Amino acid sequence: MLSAITFLPLLGAIIILFLPNDNAIKRFAILWSIIPLALATVAWVVFPTWPEFTMMNGSWCSPEINAASLEYYLGECIPWIPALGIQYHVGIDGISMPLIWLTTLLTTLSLFYSARNISTRVKEFFALFLLLETGMLGVFVSLDLFLFYIFWEIGLVPMYFLIGIWGHEQDRPQYAAIKFFLYTLAGSVFMLLAIIALYLFSTPNTFDIPLLTATRDNSVWAKDVLISTAAFIGFFLAFAIKMPLFPFHTWLPDAHTAAPTAGSVVLAGILLKLGGYGFIRILLPMFPGTFNSFAIGIGALAVISIVYGSLVAMAQTDFKRLVAYSSVNHMGFVVLGFAAAAALTNEQLINPELGNYFNSGATAINGAVLAMFTHGVITGGLFFLVGMLYERTHTRELAQFGGFMATVPIYGGLLLLTAFASLGLPGLAGFVGEFLVLRGSYTTLTLLTFIAVIGVIFTAAYFLWRVVQKVLLGKADEKWVNLPDLRGYEVLTLVPLAVLMIVIGIYPNWILDTINAATEVILKTMASV
Amino acid sequence: MVQNFTLLIPLFPLLAFAIIALLTRSRNRLSAWIAILGVILALALSLGVFLEALAEGAELAVNPFYGAPIVWYPYGTATVNFGWLVDPMGSAMLFMVPTVCLMIFIYSVAYMRHSHTGKDGHTIHEDDPRYARFFALISLFTGSMLLLVISSNLLQFFIAWEIMGFCSYALIGFWSFRGLKEHHIDDAQVGRARAASIKAFLTTRVGDVLLMTGMILLFITVGTLDFTQMFSPDGLNNMLLGEPPIGALQWPTLIALLIFGGTVAKSAQFPLHIWLPDAMEGPTPVSALIHAATMVSAGIFLVIRMYPLFVFDSQTGGFSMQTVALIGGFTAIFAAVLGLAQNDIKRVLAFSTVSQLGYMLAALGIGAFVAGSFHLITHAFFKALLFLAAGAVIHAVGTNDMLKMGGLWRKMPITFLTFLIGALALMGIFPFAGFWSKDEILLEALRLGFFSESGAAPLVQFVFISLATAAFITALYTGRQLFLTFFGKPRDQHFYDHAHESPVTIWVPLAILALFTTVIGFWNTPFAPAFTGYVGEAGLVGLPVPFEHHAFDQLALISIFVSLGIAFGGLFVAYFIYGFRPVGAGQPDPLERLGIIYRALASKFWLDELYGYKINLDGTARAGLLVRFVGLLSRFSYWFDRTIVDGLVNLVGWFGRIMARLWGWFDKHVIDAIVNGSGSVTGEIAGWWRTMQTGNVQNYALIAVAGAMAFAILFLLRSFT
């Protein structure tokens, strides 16, 4: 099942290479991308109710690995390079499930939107996009570090081309693409080092994430402070750059601004989440002790990202760049949540008398994971909206706009909804994750959280003052008198996202229930007995 | 029975909002009727719950209607549940909110039609271009307020609270944009509405953040946000377990003050009152909604809901209640003074709201729970009445400026009469609603401040003096408003000719509200205190101690005469200045003779210039010092980001390129010269380095792997040595 979800896009990309004309390619790509979406939906709805899926029923791997992977659903495990102990090992839990679903959803929406807007080098665009999907899905399903790394890098290449080839000429797409690529690559090199270190200092030598986690407390790599610290830093750098966390964020505004609309959507919606996913899948369960000693420092970086990101966003005059910086602002909350969970001491994790701490940690992680999901939905929506405006006006300068609430009311309504969801209005999706992170973080990182709260005010300020006021309010301009409102396909692109924003905001239990199940497991594995 | 359906109450207006927004947007009348139907259904169900609650009597306070069946989210091994909670004060709100809202909705049907003179000179009546949108938003507003009133959980309360914040933003800014062919508003209005809406949202956001912080700390220290569990015997005591946060400040004090921060912003108390006067840029029914039934009442209701926390803090030695009393008492007189120098008929009312909310908080702060609560209910009725009547005047005359009105009672007698009733209630004149509730507050302050068995309390004495003075000023500015608007000679003939009596859908809601204003006070007279028995006799959830109540005594009688004397005194002074010799056309307000004091009042003590946002009549806005500072900080951050943070990144990149070039040079001129003949090797190395600049992707991956291997070998070596 997971292999099908992951590799179907790749197969689609290959098929596209043999398709004759642009229209066929577009139609095929959209329809094809619905298959993984449907499969992911089925996986989410069905798998927790079928207990046999929790077993490793697709495993040809060693019993140790199987025993360590009991908490993962839909597992598949095949020895790949036995000499090096490398497995093709995939499996999901309540944290990867929503992210996989979001990936397939945003891909379908992006392809659907791009079918109307991409006219140059169609074959390459759609093939690369599907390849990108495989890369991203692969990261979320991998339970083997080697596999994880390969998928991590696979995602990089198509994105590089998407920015470089289909980017907007005036935004220096080549510069942005290379910057994105080299920066992320620099991070991955450190990650590769860390992976190799883990392999070398584990007994038996393995790349398997569940096995490494299970044998953590008896392994050299975790006991030797130097190795675990170095490996932690290696992973951390890769994830922090990807997130991106201050001060590693400067590739992001350039890449986002230059990328074509669908590229920005996926970049913000999914690619940034790979970093966050690394925090929860690797850093927290595998390095709880090291993370604990760095928690305050990382939490501080997160808070800087929140406050500083919102301040910088406030100074933007370019709509797209503003949304890009808002990502720095919002991803700060994700890291803060993880740092807060990491700040829990071992006693707090295992002592049932201190149940409040365990639940606070769970709240923080739940919030951070939900914040990743909702940020994907909301910021994906925002980038679509920016793109739609740009298609019409051929500018992104906020000063050029005004009065669009009157001239294009459907666009106005959707932008208003998305902007308020993004600034964290309760009742909409953005608030829930933010609140949970703050609630979870106050227990362990009190002072930092208090500062982070100030960022909440600034966030509201830049969205209202820069986005809503400049674009929607004011007097309509003669210049835009014939601006057409959203067309059917554009509304159709945004409606699923808008529905998610409202549904999660009103009733988040359905998704948090999934996440919380996995969070409990992770918190328990964090504790060493 | 009906209580089990409490959760459905807010659903009707919310559903109306959804239906209008999604389906009937383009059908104006239909949308209005759907909105009204939503409120009627909510009102019917609310009244059912209210009557059932009344039948339970005071017992309801300790055994409220309660249920929390909805799991909102799980965290670790616990869950947060949402549901409903109705205690006596909650049921009184359930009676007040939908009643007032229904009147406002009906009134809006006609009010949101504008008239203007067409090209051929005839008057054209047409609906506001976004007529349906208006009804959708006020439905959302009403639904959120009802949700807030019945919330069983502080988080649920907070969500409703914030949705209201959005509604107020969207409605204050209802006229903050216009299409090219729309002429119902001018550009200055657009600019003012735009600035005012943002000002309102951001100012209240400051309070929301404080409230959210308080809420989270409460959650952590008490372990729950459910009201009934929170106020259970163990709940609040949990707060004392942990280490106190800052020095001598104990947890209950800190949390109560943070939560009160939400009230200060939402209920426009000093120093966060600055948004409310500018909020007058919204259509008048919105002002009535915000000032009476919803927004600002929510702030007071928060303190009422959390009252056990404040009392608990007070009992354990904290000073949160004193702070509430102090801020309320100060704001009551501060805003009343500012109300004196406003010429906009709605702004006078706005400051009167701020001042009256101060009364309520002062009452709650000194421990007069019932008096404060009752004033919240009565105030809602007469303030809605005043706003709607003022709106009728504005609608008929075409201006907000009282100096351009005068003598209007002849033109619109019904509107005048209803306004008069509201104004008398506001001044606190027998037998209208405000008299009873305000007198009760003054009596309690008098009793607790000067005649308390536990000795004199200077703070309460200050509160009494402040409130009594404010009562005098209230009568003064309300009298000024009456005389300037309805009496004397018309100061602008054009506007006067334009004026006409309101249509029936406008004056009927006015009449109904006037009726309520006349009778509602008798719910709680000193001789027959039914409301006190209902709301105060059994205390509150978690505070099962009856609120102190005194039988009618000498002091109560004295208080009645004192407060009546103050009110008539103020009215008399108003008559002396404005009624005896009416202000003529073009004449300045007699108050302007006060010089610098008048200017300070007219510019609201320059607080906007200090930390707010000054909005000018022509629609331009000027940021205050604090806002400018944030702007500066933001620009500096961006500069820092581009120049320093990204500069470093680019520097590293540049360094790499230089190194590559150096290597290339070295390669060509040194290695090549030395190893003559091995050109193919050098060519490969040079080409390999050159790709660093051209961005050939496969090679980067190669570099990555090679580099990694190199490091891995280093690691290996380290482990073997």
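Helices and strands are here DSSP runs, at least four residues long for a helix (H or I) and at least two for a strand (E), numbered from the N terminus. With those labels in hand, please keep in mind throughout this tour that the model is a predicted one.

**Stop 1: a loop in chain A**

Select the loop between α10 (225-242) and α11 (251-258) of chain A, where you will find Pro244(A). The peptide bond that joins Met243(A) to Pro244(A) is cis, with an omega of about -5 degrees. Pro247(A) also has its place in the loop between α10 and α11 of chain A, and the bond that leads into Pro247(A) from Phe246(A) is cis as well, with omega near 5 degrees. As background for this stop and the next, most peptide bonds are trans, and most residues other than glycine have a negative phi.

**Stop 2: two arginines with positive phi**

Move next to Arg121(A), in the loop between α4 (96-117) and α5 (122-141) of chain A, and look at its backbone, where phi is near 50 degrees, a positive value in a residue other than glycine. Is Arg121(A) buried or exposed? A residue needs 20 or more other C-beta atoms within 10 Å to be buried, and 12 or fewer to be exposed; Arg121(A) has 14 within 10 Å, so Arg121(A) is partly exposed.

Then select Arg172(A), which lies in the loop between α6 (145-166) and α7 of chain A, and which has a positive phi near 50 degrees too. Arg172(A) has 15 C-beta neighbours inside 10 Å and therefore counts as partly exposed.

**Stop 3: where the two chains meet**

Now show both chains and colour the residues in contact, of which 59 come from chain A and 55 from chain B. Which helix gives the largest share of the side of chain A that touches chain B? That is helix α7 (residues 173-200) of chain A, with 10 residues. If you colour this side of chain A by residue type, you will find 39 nonpolar, 15 polar and five charged residues.

Between the chains, look also for strand β4 (residues 474-475) of chain A, which pairs in the parallel sense with strand β5 (residues 177-178) of chain B over two bridges. To see one bridge, select Gly474(A), whose partner in β5(B) is Phe177(B).

**Stop 4: chain B as a whole**

Hide chain A and turn chain B around: its C-alpha atoms fill a box of roughly 115 × 75 × 55 Å, taken along the principal axes. Chain B has 28 helices and seven strands, and of its 721 residues, 55% count as buried.

**Stop 5: two helix pairs in chain B**

Select helix α6 (residues 187-222) and helix α9 (residues 251-266) of chain B, whose axes come within 7 Å and cross at roughly 155 degrees. Angles over 145 degrees count as roughly antiparallel, and α6(B) and α9(B) are therefore roughly antiparallel to each other. The residues of their contact divide into 12 nonpolar, eight polar and two charged.

Finish with helix α3 (residues 88-111) and helix α11 (residues 284-293) of chain B, where the axes come within 9 Å and cross at roughly 175 degrees, which makes α3(B) roughly antiparallel to α11(B). Among the residues that make this contact are Met96(B) and Tyr107(B) of α3(B), together with Pro285(B) and Leu289(B) of α11(B). The residues of this contact comprise 12 nonpolar, two polar and no charged ones.

Notes: Residues are numbered from 1 along each chain as its sequence is written. Chains are lettered from A and ligands numbered from 1 in the order in which they are written. This is a predicted model: local features need pLDDT of at least 70, side-chain atom pairs count only at pLDDT 80 or more; totals for chains, interfaces and linings use all residues. Axes are lines fitted to C-alpha atoms, for helices over the stretch in contact, and angles run from 0 to 180 degrees between N-to-C directions. Angles under 35 degrees count as roughly parallel, over 145 as roughly antiparallel, 65 to 115 as roughly perpendicular and the rest as oblique. Two residues are in contact if their C-beta atoms, placed from the backbone, lie within 7 Å. Ala, Val, Leu, Ile, Met, Phe, Trp, Tyr, Cys and Pro count as nonpolar, Asp, Glu, Lys and Arg as charged, and the others, Gly among them, as polar. Two strands pair if DSSP finds at least two bridges between them.
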